[in-house]
Amino acid sequence: MQAPSEQPSGGTKASALAKLRDAAVVRERCHIVHRWVADGRSPHFMLDQGRLGAVAAYVADVTRETYPDLTIPYHSRWRHFSAGGIERWSALAAHIDADPIARARAAVDLATVSVLLDAGAGDAWRYREPDTGSVFARSEGLGVASLDMFAAGCFSCGPNQPYRADAVALESIDAATLASHFQVNAGNPLIGLEQRADLLRRLGKALGKRADLFGRAPARPGHLVDYFLGIARDRRIPAAKVLAALLDGLSEIWPSGLTVDGFPIGDAGRHRAVRTNDATDQIVPFHKLSQWLTYSLLEPLETAGLTVERLDELTALPEYRNGGLLVDLGVIRPRAPIDPQVKLDVTSEFVVEWRALTVALMDSLLDLVRKELGVGSSFTMPHMLQGGTWAAGRKIARELRPPDGPSPIPVAADGTVF
């Protein structure tokens, strides 16, 4: 149930807008945009879908190189916590209550704040890990930095319970605190620092409004474990239900998301190809960070004894590594040359179209990669992303645009979407 302040006027309009929080609608509307581009109607892109086979072969090669036995973990924040081959979470978990539910709550707390801090670091930022002296950039750096900040108790208001993230502490986070822990200075800039801090403050406020999902004071993301245990049947829960709960409880935190008549839709954009007869006209939902968070909650929920099933209900993540892979290998072709010095607005139809094409084409790519690897349906979207398309996107980007491999389509990121 939505908090009363989030309900737009009119039951029909409310119902129409609420459906945008459904993973199936993300997929449906992205495919509408895909058909529009495939029909040659786009002023932005052309498609060469005959190249998908070559992309699948490239992704399969990258996957075999990284995971020769094809035992592939989920694409999630947990992979970044072990950057450099160090199992940081295992070492931290040893200091947390041995009860699996308590550890699952702490893991959900960590994953939530870390995912919200992981929306692109920019090309210049680096993080030097104090304990090892290792230097990490981009997602790995953000992951290690956020884990160190969690371990220091910065997201908890309880000095005797440092390993949690609660509403009270999150509401007081400011950019200066983040800058200090993320080693940001004039020579080590992190894009969207203030926006990231604002996102955490919004998270704190949202947690306090939904006791049904996040528990009573101190409200925390980790109480989602108890919520899902309560609604699961035979300790099994569909992936789309996990995403729906996150979108329901956290929709208001997204500063760059669409809001229609006071109803916060979240990560979405507008595209002329999507035409409806209701309040959702031209709206294409993505919910990239919410789906990334859903993928990142799979392992903590498994720790609590839950099985998240039907993972293919979720979509690929429409971000610059997956989308860049399709551009760099010639499936998605911009009609005009891309100026690397001009950063495009994330809300522009150009970027919305690119993101929608990424979601739709990754659905087709999944079956092709399965065939290349000789695996079945147990190889799901989060396995392909991890194996996989994200690493392949980074690899081809570095080959084409060394040394760091920026996106082939530069986007004016604010630290909350890309």
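Let's start with two charged residues, Asp118 and Arg77, both of which are buried. In this predicted model, their side chains meet in a salt bridge, with N and O 3.5 Å apart. Asp118 belongs to the loop between α6 (100–116) and β2 (126–128), while Arg77 sits in the loop between α3 (52–66) and α4 (78–81), so this pair ties together parts that are 41 residues apart in sequence. Side chains of opposite charge can pair when their charged atoms come close. A search of the whole structure turns up 28 salt bridges, and a couple of others deserve a visit.

Take Arg210 next, which forms a salt bridge with Asp248; their closest N and O atoms are 3.2 Å apart. Arg210 lies in the loop between α10 (193–209) and α11 (211–214), and Asp248 in helix α13 (residues 239–250), so here the pair ties together parts that are 38 residues apart in sequence. Are these partners buried or exposed? Arg210 counts as buried because its relative accessibility is 4%, and Asp248, at 15%, counts as buried too, since the cut-off for buried is under 20% relative accessible area.

Now move on to Arg355 and Asp267, whose side chains meet in a salt bridge with an N to O distance of 2.9 Å. This pair links distant parts of the chain, 88 residues apart: Arg355 is in helix α16, and Asp267 is in the loop between β6 (263–266) and β7 (268–270). With a relative accessibility of 3%, Arg355 counts as buried; Asp267, at 12%, counts as buried as well. Returning to Arg210 and Asp248, you will find that they have company: salt bridges with shared partners join Arg21, Arg210, Asp212 and Asp248 into one network.

From charged pairs, let's turn to the nonpolar interior. The largest nonpolar core has 128 residues, and those with the most contacts inside it are Trp89, Phe155, Leu178, Phe182, Leu200, Leu325 and Leu365. Which helix gives this core its largest share? That is α16 (residues 349–373), which supplies 13 residues; Arg355 of the salt bridge with Asp267 is in this helix too. Apart from this core lies another, of 9 residues, including Leu17, Leu20, Val25 and Ile283.

Phe155 is a good place to look around. Leaving aside residues up to four places away in sequence, Phe155 touches Val113, Leu117, Met149, Phe150, Ala165, Ala169, Leu170, Ile173 and Leu200, among others. The residues touched by Phe155 also include Ser146, Arg164 and Asp166.

How values were computed: Residues are numbered from 1 along each chain as its sequence is written. This is a predicted model: local features need pLDDT of at least 70, side-chain atom pairs count only at pLDDT 80 or more; totals for chains, interfaces and linings use all residues. Side-chain values use heavy atoms; hydrogens and water are left out. A nonpolar core is a set of buried Ala, Val, Leu, Ile, Met, Phe, Trp, Tyr and Cys residues joined through side-chain atoms within 4.5 Å. Buried means under 20% relative accessible area, exposed over 50%, partly exposed in between (1.4 Å probe, protein chains only). Helices (H or I, at least four residues) and strands (E, at least two) are DSSP runs, numbered from the N terminus. Contact means heavy atoms within 4.5 Å. A salt bridge is a side-chain nitrogen of Lys or Arg within 4 Å of a carboxyl oxygen of Asp or Glu.
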